[in-house]
Amino acid sequence: MDESIRDEIIRCGACRMCFDVCHSYQLYLDERFSPMYRLLIIRKMLDGTPPDKMARRILEDCTLCEGCDGICTEQIPITEAIRTALEELKNPQ
Ligand code: SF4
Ligand code: SF4
């Protein structure tokens with residue numbers, strides 16, 4: 001995965017503004033299904049920790065609706081990061 005994604009992800013200040021717009025989070029009301037937590041999973045992937053079954057499910061539950069991108073207070077391209085991570089899972093480098 002492109003290391004430049006890390007520079008974007010680390011800007012997350014855990015403000016949780018992205019929770020309300022994420023229908024995946026709204027469905028489960030479990031913060032693991034929030035955009036913010038998905039970024040944490042991707043950060044771990046960049047550090048060399050592959051997602052376990054649950055983390056993979058959390059990423060795959062994202063519909064790539066892009067709803068979180070506009071609301072992010074740090075303007076992190078969240079959907080792009082998730083899309084890249086999903087591609088990495090399908091086609092490991
Ligand atoms: S792109 Fe994914 S993480 Fe972002 S709001 Fe949509 S479902 Fe949630
Ligand atoms: S809105 Fe952006 S900065 Fe705030 S918790 Fe979500 S991803 Fe992090």
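Tutor: Before we start, a sorting rule: Ala, Val, Leu, Ile, Met, Phe, Trp, Tyr, Cys and Pro count as nonpolar, Asp, Glu, Lys and Arg as charged, and the others, Gly among them, as polar. This is a predicted model, where local features need pLDDT of at least 70, side-chain atom pairs count only at pLDDT 80 or more, and totals for chains, interfaces and linings use all residues. Residues are numbered from 1 along each chain as its sequence is written, while chains are lettered from A and ligands numbered from 1 in the order in which they are written.

Student: Ok, so how does the shell around ligand 1 split by class?

Tutor: That shell has nine nonpolar, four polar and two charged residues.

Student: And which residues come nearest to ligand 1?

Tutor: Cys-22, Cys-62, Cys-65, Gly-67 and Cys-68, out of 15 around it. A residue counts as near if its C-beta atom, placed from the backbone, lies within 6 Å of the molecule.

Student: Which element gives the largest share there?

Tutor: α6, with three residues. Helices here are DSSP runs (H or I, at least four residues), numbered from the N terminus.

Student: Switching to ligand 2, which residues are closest?

Tutor: Cys-12, Cys-15, Cys-18, Met-36 and Cys-72, from a shell of 15. Helix α3 (residues 35-46) supplies the largest share, three residues.

Student: How do the classes divide around ligand 2?

Tutor: There are 11 nonpolar, two polar and two charged residues.

Student: New topic: what is Ile-82 in contact with?

Tutor: Skipping neighbours within four places in sequence, Ile-82 contacts Arg-38, Leu-59, Cys-62 and Leu-64. Contact means C-beta atoms, placed from the backbone, within 7 Å.

Definitions and conventions
Helix = DSSP H or I, 4+ residues; strand = E, 2+ residues; numbered from the N terminus. Contact = placed C-beta atoms within 7 Å.
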